[in-house]
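Biologist: I am new to this structure. Please take one part and walk me through it closely, from its layout to what packs around it.

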Amino acid sequence: MLDEVQAGPYTVRGISVGGVYTSLQVPELEVVLDVGVPVRSFAGTERIFLSHAHPDHASGLGSLLGIRRLLGKGAPQLFLPAEIEAQVHEALAVLGRLHHTSMDVRTVPMRPGDVKPLGHDLHVRAFRTHHSVPSLGYQFLRRVTKLRPEFLDTPPQEIARRRKAGEDLFVAREHLELAYATDTLSKVLETEPGLFDSRVLVIECTFVDPKRPVQDARDRAHLHLDELIAQADRFRNEALVLMHFSQSLAPHDVRALIEERLPPTLRERVRILAPAAGRWFG
Ligand SMILES: [Zn+2]
Ligand SMILES: [Zn+2]
């Protein structure tokens, strides 16, 4: 029932149709991205990231918390745009009164540029997306410190001695691992150019039909495949995951159009998060 693609070292699984539902999980990062529909097997994940509060991305939250209660799980961490934090708490409080249960979450309000540690060397940085309501994208990255090249041959005891003496022997490196950019104008590629360098880029592609004008996508604060094709040479990602397709085309037609229209250099790196055949789920 769930769609699943392998993108570099990451598995992206879930379900996504523009305007209907989107909820994805990346097990290797232990994150759930959006909760437009409650997915049973996502309920044990402790970190949830909301891109924005449109119902196709957020309305399954109460149900997912209900499934967590069945599992005996406590309040998960909920990363979300700071502007919607209070309303999300209000909505959950109302649901809690309705269900006679507590709907606790530990919210982590985020603003563009905010970075939060997620344990070990993994971090998340929020970035601005361009939609009709407060919205964010999330860049997952690893921060590692490495010995400066000039000290690579230095014996460990000497390194330890110099370190103790306060010498600066290390250099910090950031590896952009996976970025999630949904419900946004293509302008996000200008305002967040690091997206071209993220190892994996999960990005919305609501419209793929060349008969549908790009302006249609822009009017709805969404992205058109033509806009990705126009910048095809700039994507340096190991893999791209396209998702959030409009239900105006069947999954088979979405696949056929993308495969036919993408230039070969991009086509081989693109994964399509959609059913292999048949209809959209539901
Ligand atoms: Zn959406
Ligand atoms: Zn939206």
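Modeller: Take the open sheet of seven strands in this predicted model. Its order is S8-S9-S10-S11-S12-S13-S14, and the pairing is mixed. Strands S8 (115-119) and S14 (270-272) stand at the edges. Each has a single partner strand, so one side of each is left without a neighbour in the sheet. From one strand to the next, the twist averages 30 degrees.

Strands of a sheet pair through backbone hydrogen bonds, in either the parallel or the antiparallel sense. Look at S11 (residues 170-181) and S12 (residues 200-204). This pair is parallel and runs over four bridges. Leu178 has its bridge partner in S12: Val200.

Leu178 also leads into the interior. The largest nonpolar core has 69 residues. Leu178 is among those with the most contacts inside this core, together with Val202, Val241 and Leu242. Which strand gives the largest share of this core? Strand S13 (residues 239-243) does, with five residues.

Now follow Leu242. Set aside its neighbours within four places in sequence. Leu242 is then in contact with Ile203, Cys205, Ile258, Val270, Ile272 and Leu273. Ile203 lies within the S12 range, residues 200-204. Val270 and Ile272 fall in the range of edge strand S14, 270-272. To recap, the sheet is open, with S12 and S14 on either side of S13 in its order, and S13 supplies five residues to the core.

Notes: Residues are numbered from 1 along each chain as its sequence is written. Chains are lettered from A and ligands numbered from 1 in the order in which they are written. This is a predicted model: local features need pLDDT of at least 70, side-chain atom pairs count only at pLDDT 80 or more; totals for chains, interfaces and linings use all residues. Two strands pair if DSSP finds at least two bridges between them. Helices (H or I, at least four residues) and strands (E, at least two) are DSSP runs, numbered from the N terminus. Axes are lines fitted to C-alpha atoms, for helices over the stretch in contact, and angles run from 0 to 180 degrees between N-to-C directions. A nonpolar core is a set of buried Ala, Val, Leu, Ile, Met, Phe, Trp, Tyr and Cys residues joined through C-beta atoms within 7 Å. A residue is buried if 20 or more other C-beta atoms lie within 10 Å of its own, exposed if 12 or fewer, and partly exposed in between; C-beta atoms are placed from the backbone. Two residues are in contact if their C-beta atoms, placed from the backbone, lie within 7 Å.
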